[in-house]
Amino acid sequence: MPKKKTGQRKKAEKQKLRQKEIRSAKDHLSLAQNPCNASMECEKCKRKQKNRAFCYFCSSTQRLPQCANCGKVKCMSKTGDCVIKHSGVFTTGLAMVGAICDFCEAWVCHGRKCLTTHACTCPLADANCLECERGVWDHGGRIFKCSFCSGFLCEDDQFEHQASCQVLESENYKCQSCNKLGQYTCLKCKICYCEDHVRRKGFKYEKNKAIPCPKCGYETSETKDLSMSTRSHKYGRQSQGGYGDDDDDDDYDNYSSYGAGASYGGYEGGDSQNGQQHALQHPIAIGHNFLTNYQAINMF
């Protein structure tokens with residue numbers, strides 16, 4: 001019979017499994033929980049912003065900077081992988097930092113692992129807003145991801161974009177390759193696909209997983225599960241502003257006043273704002289006058 005596990009051995013095994021889960025969870029952190037995108041309040045101007053090396057508003061450094069990779073504000077490792085050794089001394093502030101990330105503009109601690117791996121795996125490397133096309137260095141807010149198309153958004157445009165993200169580029173729900181009803185929709189390309197054209201030949205699909213888009217590879221969703229809307233155009237006559245006297249006048253008054261200061265075919269209208277009369281001739285009348293003059297010259 002196998003030996004009975006002691007309480008100390010059971011505790012060590014549980015701790016080992018827990019540490020393994022924590023290490024694996026660090027690789028799958030969401031953008032909101034990532035240390036380089038954490039919320040920070042400046043100690044001088046008291047304004048909230050994204051975690052960064054220098055304040056976006058007053059350009060001051062913080063007393064306790066946070067590492068963009070591991071998220072720590074105090075280095076307590078005595079015999080760790082620190083580039084600058086500090087045996088027996090806990091370091092905080094600028095004594096803990098080692099570099100500034102070019103992508104997320106945040107401090108990186110002096111640990112060898114953080115310095116060598118953060119720049120390659122920074123989640124804000126290409127974090128340009130889809131609406132305003134601003135990067136991390138151009139605004140002081142945090143970065144968010146759209147829940148539909150997974151695009152980067154700034155704090156100013158996140159709600160406006162997500163409210164209008166479920167709009168197709170086409171004017172109907174039909175498949176782009178045929179005339180069938182599109183059962184699958186790519187929220188990144190804003191295109192519908194039918195059951196036949198959403199699958200590519202020679203591509204192996206996994207069971208119980210979303211079908212990738214044949215154009216961009218993003219996961220498609222069923223159209224019936226979404227509140228998708230189509231692109232629409234609103235046509236109508238536009239009144240010329242500045243001709244009506246009051247805003248309460250009818251549209252007919254605006255259209256009648258459109259030709260009040262113009263003349264077609266030699267007929268002059270009313271006075272302009274400067275008190276001078278301008279005779280505007282129609283292109284057909286101009287061509288008729290040109291032909292008449294040309295014929296008169298040829299007669300001589």
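These legends describe several views of a predicted model of one protein chain.

**Figure 1. Overview of the protein chain.** The predicted chain has 300 residues, and 28% of them are buried. Five helices and eleven strands make up its secondary structure elements. The chain exposes about 21600 Å². Carbon and sulfur atoms supply 50% of that area. Take the contacts between residues at least 6 apart in sequence: 40% of these join residues at least 24 apart. Seven salt bridges are present in the structure. Several of them appear in the close-ups below.

**Figure 2. The buried salt bridge between Arg52 and Glu105**. The closest N and O atoms of Arg52 and Glu105 are 2.2 Å apart. Arg52 sits in the loop between strand 2 (48–50) and strand 3 (74–75). Glu105 sits in the loop between strand 5 (97–100) and strand 6 (107–109). The pair therefore ties together parts of the chain that are 53 residues apart in sequence. Both residues are buried. Side chains of opposite charge can pair when their charged atoms come close.

**Figure 3. The salt bridge between Asp156 and Arg134**. The N to O distance in this pair is 2.9 Å. The bridge links distant parts of the chain, 22 residues apart. Asp156 belongs to the loop between strand 8 and helix 3 (158–163). Arg134 belongs to the loop between helix 2 and strand 7. Asp156 has a relative accessible area of 57%, so this residue is exposed. Arg134 has a relative accessibility of 25% and counts as partly exposed.

**Figure 4. The salt bridge between Glu195 and Arg199**. Here the closest N and O atoms are 3.4 Å apart. Glu195 is partly exposed, with a relative accessible area of 29%. Arg199 is also partly exposed, and its relative accessible area is 38%.

**Figure 5. A network of salt bridges joining Lys5, Arg9 and Glu13**. This view shows three linked residues: Lys5, Arg9 and Glu13. Two of them, Arg9 and Glu13, have numbers that fall within the range of helix 1 (residues 7–26).

**Figure 6. A surface patch of positive charge**. Lys16, Lys20, Arg23 and Lys113 gather here. Helix 1 (residues 7–26) gives the largest share of the patch, three residues. Lys16 is found in helix 1. With a relative accessible area of 61%, Lys16 is exposed. Exposed means over 50% relative accessible area, so Lys16 passes that cut-off.

**Figure 7. Glu133, a residue with positive phi in a loop**. Phi of Glu133 is near 60°. That is a positive value in a residue other than glycine. Glu133 lies in the loop between helix 2 (112–121) and strand 7 (143–145). Its relative accessibility is 65%, so Glu133 counts as exposed. Arg134, shown in Figure 3, is in the loop between helix 2 and strand 7 as well.

**Figure 8. Ser150, a second loop residue with positive phi**. Ser150 is not a glycine, yet its phi is positive, at about 60°. The residue is found in the loop between strand 7 and strand 8 (152–154). Ser150 has a relative accessible area of 29% and is partly exposed.

Technical notes
Residues are numbered from 1 along each chain as its sequence is written. This is a predicted model: local features need pLDDT of at least 70, side-chain atom pairs count only at pLDDT 80 or more; totals for chains, interfaces and linings use all residues. Side-chain values use heavy atoms; hydrogens and water are left out. Helices (H or I, at least four residues) and strands (E, at least two) are DSSP runs, numbered from the N terminus. Buried means under 20% relative accessible area, exposed over 50%, partly exposed in between (1.4 Å probe, protein chains only). Contact means heavy atoms within 4.5 Å. Accessible areas come from the Shrake-Rupley method with a 1.4 Å probe; for residues, only the protein chains shown count as cover. Patches are made of residues with over 30% relative accessible area and no salt bridge: like charges are joined within 9 Å, nonpolar side chains (Val, Leu, Ile, Met, Phe, Trp, Tyr) within 5 Å. A salt bridge is a side-chain nitrogen of Lys or Arg within 4 Å of a carboxyl oxygen of Asp or Glu. Lys and Arg count as positive and Asp and Glu as negative; His and the chain ends are not counted. The place of a charge is taken as NZ of Lys, CZ of Arg, CG of Asp or CD of Glu.
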